[in-house]
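Open the model in your viewer and set it to a cartoon view. Keep the sequence panel visible as well.

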Amino acid sequence: MDGRFRFRELKVVKSNFVLLNGMDMRLAQPRPKSIRLDGLSTCVRLERIYWSILKCIAQSNGTTVNVLLSSLDRDVQLNLGGVKNFSSLIRVVCTAQLLEMCHEDAMAVVTELME
């Protein structure tokens with residue numbers, strides 16, 4: 001060896017992951033929003049896609065995102081005593097809602113896999 005490092009040639013491999021092809025990556029950017037939960041102002045940071053899903057859920061229920069999240073927070077406080085990570089709960093709720101909308105048996109499959 002002459003003391004110089006030699007780098008192997010790197011091959012660029014095209015992604016075969018279909019979900020990423022053509023996806024608007026801005027949907028993955030986090031976006032903080034100020035909301036009121038139980039009368040207190042707080043900031044929730046979610047990726048843009050989740051804010052879009054929440055807006056759709058709220059509209060389909062004839063309400064706003066703020067009212068929807070306040071209701072979710074109240075239900076969790078009353079039934080579970082709260083959660084450590086409200087943003088994660090929101091993501092799970094959004095995903096569960098999408099699964100219900102996509103396929104009748106999707107939630108059953110997910111629940112079965114968790115057991």
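The tour below goes from the whole chain to single residues.

**Whole chain**

This is a predicted model. Colour by secondary structure. The protein has four helices and two strands. Along the sequence, the order is β-β-α-α-α-α. Now switch on the surface. The accessible surface amounts to about 9700 Å², with 57% of it on carbon and sulfur atoms. Of the 115 residues, 19% count as buried. How much of the contact set is long-range? Taking contacts with a separation of 6 or more, 31% join residues 24 or more positions apart.

**The hairpin**

Select residues 30-37, strand E1, and residues 40-47, strand E2. The two strands run antiparallel and pair over eight bridges. Step across the ladder. Isoleucine 35 has threonine 42 in E2 as its bridge partner. Next, arginine 36 sits opposite serine 41 in E2. Then go to the turn. Two residues lie between the strands of this hairpin. Check the backbone of aspartate 38 there: its phi is positive, near 55°.

**Proline 30**

Move to proline 30, in strand E1. Is this residue buried or exposed? Proline 30 is partly exposed, because its relative accessible area is 42%. Show its surroundings. Beyond its neighbours within four places in sequence, proline 30 contacts Arg45, Leu46 and Glu47. Add tryptophan 51 to the selection. Proline 30 and tryptophan 51 are 21 residues apart in sequence, and their C-alpha atoms are 9.6 Å apart.

**The salt bridge**

Now pick glutamate 47 and arginine 91. How many salt bridges are there in the count? The count comes to one salt bridge. Arginine 91 and glutamate 47 form a salt bridge, with their closest N and O atoms 2.9 Å apart. Arginine 91 belongs to helix H3 (residues 86-102) and glutamate 47 to strand E2, so the pair ties together parts 44 residues apart in sequence. Glutamate 47 also appeared at the previous stop, as a contact of proline 30.

**Aspartate 73**

Select helix H2, residues 65-80, and find aspartate 73 within it. Aspartate 73 is buried, yet it has no salt bridge. Which side chain of opposite charge is nearest to aspartate 73? That is arginine 74, 7.4 Å away. A salt bridge needs the nitrogen and the oxygen within 4 Å, so a pair beyond that cut-off is not counted. Display the contacts next. Leaving out neighbours within four places in sequence, aspartate 73 touches Leu37 and Phe86.

**The cysteines**

Finish with the cysteine sulfurs. How many disulfides does a search of the whole structure find? The search finds zero. A disulfide is a covalent bond between the sulfur atoms of two cysteines. Put a distance label from cysteine 56 to cysteine 94. Cysteine 94 holds the closest cysteine sulfur to that of cysteine 56, but the gap is 9.6 Å, so it is too far for a bond. The cut-off is 2.5 Å between sulfur atoms. Colour by accessibility for a last look. Cysteine 56 counts as exposed because its relative accessibility is 52%. Then select cysteine 43. Cysteine 43 also counts as exposed, at 52% relative accessibility.

Terms used:
Residues are numbered from 1 along each chain as its sequence is written. This is a predicted model: local features need pLDDT of at least 70, side-chain atom pairs count only at pLDDT 80 or more; totals for chains, interfaces and linings use all residues. Side-chain values use heavy atoms; hydrogens and water are left out. Buried means under 20% relative accessible area, exposed over 50%, partly exposed in between (1.4 Å probe, protein chains only). Lys and Arg count as positive and Asp and Glu as negative; His and the chain ends are not counted. Contact means heavy atoms within 4.5 Å. Two strands pair if DSSP finds at least two bridges between them. Accessible areas come from the Shrake-Rupley method with a 1.4 Å probe; for residues, only the protein chains shown count as cover.
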